[in-house]
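The paragraphs below walk through a single model, beginning with one contact of a side chain and moving outward to the chain as a whole. Please keep the coordinates open while reading.

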Amino acid sequence: MFCRNCGKYVLEDLTECPYCKSKDLVGSTTGGNNRNTSQKKSTLNYNSPQRTNSYVPNTYDAPSGGFAFLSFLVPIVGIILFAVWHREQPLKAGSCIKGAITSIVLGVVVSILSIMLVFALYGRYL
């Protein structure tokens, strides 16, 4: 389910959003009127230290080949996008940083191979 007030993912057995305390929840998969009317309480404590760094699924977050390719072409863009998205959209941010790292590593490898080729071909003249 999702909270209409803040838009965050909420577990099925909760009656209110643990983030904004709103009772306006939608998207129940149990059928009915899309509102959670059950009185069952959750045993999870959302204020405990174990839950503060947990990943809550974001419906807009998915690995992106487009952002990975953009990050491959312009690595600084991938690094910036990773810095911006790494908490709210970790899957998309992961695609960005993978593209940027791949580009940087490939650039270093091609540079080293180019230098080795120049020394192999023209080393006796240098």
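In this model, which is predicted rather than determined by experiment, Lys 92 lies over the face of Trp 85, at 5.4 Å from the centre of the ring. Trp 85 itself has a relative accessibility of 18%, and because buried means under 20%, Trp 85 counts as buried. The ring of Trp 85 also takes part in an aromatic pair with Phe 67, for which the centres are 5.0 Å apart and the planes stand at 80 degrees to each other, an arrangement classed as edge-to-face. Since Phe 67 belongs to helix 1 and Trp 85 to helix 2, this pair ties together parts of the chain that are 18 residues apart in sequence. The count of aromatic pairs in the model comes to one. Unlike Trp 85, which counts as buried, Phe 67 counts as partly exposed, because its relative accessibility is 27%.

The two helices that carry this pair deserve a description of their own. Helix 1 covers residues 65–73 and helix 2 covers residues 75–85, and the two pack with their axes 5 Å apart at an angle of about 130 degrees. That angle makes helix 1 oblique to helix 2, because it falls neither in the range of 65 to 115 degrees that counts as roughly perpendicular nor over 145, where roughly antiparallel begins. On the side of helix 1, the residues that meet helix 2 are Phe 67, Leu 70, Ser 71, Phe 72 and Leu 73, while helix 2 contributes Pro 75, Val 77, Gly 78, Leu 81 and Trp 85. Sorted by class, the contact between helix 1 and helix 2 comprises eight nonpolar residues and two polar ones, with no charged residues.

Val 77, one of the residues of helix 2 in that contact, leads on to the next part of the chain. With a relative accessible area of 28%, Val 77 is partly exposed. The C-alpha atoms of Val 77 and Ile 97 are separated by 9.3 Å, although the two residues stand 20 places apart along the chain, and Val 77 is likewise 9.9 Å from Gly 99, C-alpha to C-alpha, across a separation of 22 residues in sequence. Ile 97 is located in helix 3, which spans residues 90–122. Leaving aside residues up to four places away in sequence, Ile 97 touches Gly 78, Ile 79 and Phe 82.

What, then, does Cys 6 touch beyond the residues up to four places away in sequence? Cys 6, which is placed in the loop between strand 1 and strand 2, touches Cys 17, Tyr 19 and Cys 20. The C-alpha atoms of Cys 6 and Cys 17 are 8.5 Å apart, with their positions eleven residues apart along the chain taken as the separation. Cys 6 has a relative accessible area of 32% and is therefore partly exposed. Tyr 19, one of the residues touched by Cys 6, has the charged end of Lys 8 sitting over its ring, 5.0 Å from the centre. Lys 21 is found in the loop between strand 1 (2–3) and strand 2 (25–26), and its backbone has a phi near 65 degrees, a positive value in a residue other than glycine.

Taken as a whole, the secondary structure of the chain amounts to three helices and two strands, which follow the pattern β-β-α-α-α when read along the sequence. Of the 126 residues, 24% count as buried. Among the contacts in the chain with a separation of 6 or more, 44% join residues that lie 24 or more positions apart.

Note on methods: Residues numbered from 1 in each chain as written. Predicted model: local features only at pLDDT ≥ 70, side-chain atom pairs only at ≥ 80, totals over all residues. Heavy atoms only, no water. Axes fitted to C-alpha atoms, helices over the stretch in contact; angles between N-to-C directions. Helix = DSSP H or I, 4+ residues; strand = E, 2+ residues; numbered from the N terminus. Parallel < 35°, antiparallel > 145°, perpendicular 65-115°, else oblique. Contact = heavy atoms within 4.5 Å. Nonpolar A, V, L, I, M, F, W, Y, C, P; charged D, E, K, R; others polar. Phe/Tyr/Trp six-rings, centres within 6.5 Å; stacked < 30°, edge-to-face > 60°. Buried < 20%, exposed > 50% of the residue type's maximum accessible area, 1.4 Å probe, protein only. Lys NZ or Arg CZ within 6 Å of the ring centre and 35° of its normal.
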